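Biologist: I should like to go through this structure step by step, beginning with the surroundings of the ligand. Please explain each answer before stating the result.

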Amino acid sequence: MSKKDIKVPNIGEFKDVEVIEVLIKKGQKIKKNDPLITIESDKSSVEIPSSDDGTIISLNVKIGDKVSEGDKIIEIESEEEIKETTVQESPKSQLPKEIKKNDVKKTNESENIIVKDFSTKASASPKVRKFARELGVNINKVPGSERQGRITENDVKLFVATKSDKSFKDQNTTEQKIELEYSHSDFGEVDIKDIPRVKKLSSKYLMNSWTKIPHVTNHDEADITELEDFRTSLTDVYTGEKKKITPLAFIVKALTTSLKKFPNFNTSIDQIENGKMTVKKYYHVGIAVDTPHGLMVPKLRNADNKNISLISTELKKISQQCRDLKIDKKELFGGSMTITSLGGIGGSFFTPIINYPEVAILGVGKAEKKQIFMDGKFVMRTMLPLSLSYDHRIIDGAEAARFNNDLKENLGKNFAYKLAV
Ligand code: CAO
């Protein structure tokens with residue numbers, strides 16, 4: 001193993017040219033010919049490839065730096081001696097996707113420089129490209145007004161003004177405030193009130209989830225006839241009085257059983273931009289609690305190790321703590337997956353919003369007696385509406401349907417939850 005500097009090679013006419021892209025990062029393993037940086041002069045842009053294999057131990061340039069021949073780009077720890085390879089000999093897969101064979105030029109016999117020649121590609125000067133990049137506009141989508149479709153700065157401005165680039169529009173939708181043509185008070189008496197603090201705090205999370213997570217919701221119904229018979233028959237062994245345990249305690253227990261079988265649902269995506277997800281080994285179920293101050297989501301910790309009675313007691317305790325604003329802030333973080341139950345209020349199916357950074361949320365509606373066709377005849381069964389929203393980047397539709405099937409089984413007739421009471 002030896003340390004080696006990778007420097008800007010002989011780049012002919014280029015001097016003091018701007019680095020417009022850094023394509024690697026510290027710690028990354030690279031191979032010979034992997035592109036490291038892109039530099040851009042008035043006439044063209046050039047990708048500087050690595051002259052060796054190794055692991056990057058220091059990165060010496062950043063976007064905006066001006067570089068010339070001999071300037072250090074990176075230092076690597078290399079494992080092998082360099083073997084000369086020309087661009088033409090390199091496997092096609094090593095070349096960046098967007099560069100066609102015709103765009104590749106060898107400017108120096110000993111170095112493999114990949115030149116993007118703008119005269120043969122989307123026609124715009126580096127200055128115009130930079131301008132478009134700064135505005136977040138994809139230059140390839142801008143129609144050019146000059147000869148042979150060459151794009152000018154004005155074309156980019158016009159493009160932005162007409163907002164014909166959907167991605168540009170999407171990025172900015174949240175910032176556009178719609179000004180109403182008439183004020184509410186033009187139509188009668190109104191009052192302006194402060195939005196409650198809890199609502200203001202949760203609004204940031206809701207907006208983030210709603211706009212950034214690709215939600216899908218699968219609706220299903222669980223047959224909880226036996227569960228309900230069992231639940232309503234529970235009595236206290238000492239006093240003989242009826243035990244008041246709501247269906248939610250059973251749902252929490254059933255959910256933890258399903259989470260163990262489907263670990264994807266027990267992940268978090270706060271590292272998604274680095275291509276990572278956190279797989280949680282604990283089962284802390286979030287419960288959406290309706291409070292006079294707004295919605296709060298405390299966690300029922302280690303629900304998998306608790307019996308139904310204990311889950312029920314803790315549910316009451318944490319929801320009361322939220323209503324009294326006595327819940328510790330930390331108890332609102334670190335959940336596996338959330339349950340939002342409107343079952344005590346009413347309604348069937350809805351589309352719950354995922355509680356970021358979790359990847360799924362279970363919406364529960366009000367159980368109703370229904371005529372269900374079973375074993376060749378209609379019978380009266382108690383059906384519980386389930387609405388499972390999930391992040392489609394992490395969970396596929398088929399997996400969600402299987403998850404719901406499992407959950408329905410866990411809430412169905414022959415289950416261990418009875419033993420857990
Ligand atoms: N189907 C039928 N009945 C149900 C039910 C269901 N799915 N869930 C609860 N019930 C019944 C209970 O058994 C109870 O009946 P009794 O009064 O006869 O005992 C009654 O409805 C009230 O239950 P509850 O709502 O007080 O208790 P819970 O354990 O079901 O829920 C809590 C606790 C904290 C989740 C609830 O009080 C709450 O805040 N719910 C609203 C959550 C919410 O707003 N979610 C929306 C988020 S999206 O904006």
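Biologist: How many nonpolar, polar and charged residues does the shell around the ligand have?

Modeller: This is a predicted model. In it, 22 residues surround the ligand. Sorted by class, the shell consists of 10 nonpolar, 7 polar and 5 charged residues.

Biologist: Which helices and strands each supply at least two residues of that shell?

Modeller: The closest residues to the ligand are Lys-244, Thr-246, Asp-290, Thr-340 and Ala-367. At least two shell residues come from each of four elements, namely α6 (247-261), β14 (289-291), α7 (308-323) and β17.

Biologist: What is the distance between an oxygen atom of the ligand and an N or O atom in the side chain of Lys-244?

Modeller: A polar contact requires N or O atoms within 3.5 Å. The side chain of Thr-246 places a polar atom 2.6 Å from a ligand oxygen, and Asp-290 has a backbone N or O atom 2.8 Å from a ligand oxygen. For the side chain of Lys-244, the distance to a ligand oxygen is 2.5 Å.

Biologist: How much of the area that the ligand exposes when taken alone does the protein bury?

Modeller: Among the polar contacts of the ligand is the one with the side chain of Thr-246, at 2.6 Å. Taken alone, the ligand exposes 960 Å². Of that area, the protein buries 69%.

Biologist: Let us turn to charged pairs. With which residue does Asp-5 form a salt bridge?

Modeller: Side chains of opposite charge can pair when their charged atoms come close. The closest N and O atoms of the pair are 3.4 Å apart, and the partner of Asp-5 is Lys-72.

Biologist: How many residues apart in sequence are the parts that this pair of Asp-5 and Lys-72 ties together?

Modeller: The salt bridge runs between Asp-5 and Lys-72. Asp-5 belongs to strand β1 (residues 2-7) and Lys-72 to strand β8 (residues 72-78), so the pair links parts whose separation in sequence is 67 residues.

Biologist: Is Arg-381, the partner of Glu-226, buried or exposed?

Modeller: Glu-226 and Arg-381 form a salt bridge with their closest N and O atoms 3.0 Å apart. Glu-226 is partly exposed because its relative accessible area is 23%. The limit for buried is under 20%. Arg-381 has a relative accessible area of 13%, so Arg-381 is buried.

Biologist: What is the relative accessible area of Asp-391, which forms a salt bridge with Arg-393?

Modeller: In this salt bridge the closest N and O atoms are 2.7 Å apart. Arg-393 counts as partly exposed, at 40% relative accessibility. Asp-391, by contrast, is buried, with a relative accessible area of 0%.

Biologist: Which residues do salt bridges that share partners join into one network?

Modeller: The count of salt bridges comes to 15. One of them is the pair Arg-393 and Asp-391. Salt bridges that share partners form one network of Asp-5, Lys-72 and Glu-75.

Biologist: Finally, where does Ile-353 lie, and what distance separates its C-alpha atom from that of Gly-363?

Modeller: Ile-353 is found in the loop between β17 (337-341) and β18 (360-364). Leaving aside neighbours within four places in sequence, Ile-353 is in contact with Leu-206, Ser-209, Trp-210, His-215 and Ile-361. Its relative accessible area is 28%, so Ile-353 is partly exposed. Ile-353 and Gly-363 are 10 residues apart along the chain, and their C-alpha atoms are separated by 9.2 Å.

How values were computed. Residues are numbered from 1 along each chain as its sequence is written. This is a predicted model: local features need pLDDT of at least 70, side-chain atom pairs count only at pLDDT 80 or more; totals for chains, interfaces and linings use all residues. Side-chain values use heavy atoms; hydrogens and water are left out. Buried means under 20% relative accessible area, exposed over 50%, partly exposed in between (1.4 Å probe, protein chains only). Contact means heavy atoms within 4.5 Å. A residue is near a molecule or strand if one of its heavy atoms lies within 4 Å of it. A polar contact is a pair of N or O atoms within 3.5 Å; within protein, one must be able to donate a hydrogen and the other to accept it, and residues adjacent in sequence count only if both atoms are side-chain atoms. Accessible areas come from the Shrake-Rupley method with a 1.4 Å probe; for residues, only the protein chains shown count as cover. Ala, Val, Leu, Ile, Met, Phe, Trp, Tyr, Cys and Pro count as nonpolar, Asp, Glu, Lys and Arg as charged, and the others, Gly among them, as polar. A salt bridge is a side-chain nitrogen of Lys or Arg within 4 Å of a carboxyl oxygen of Asp or Glu.
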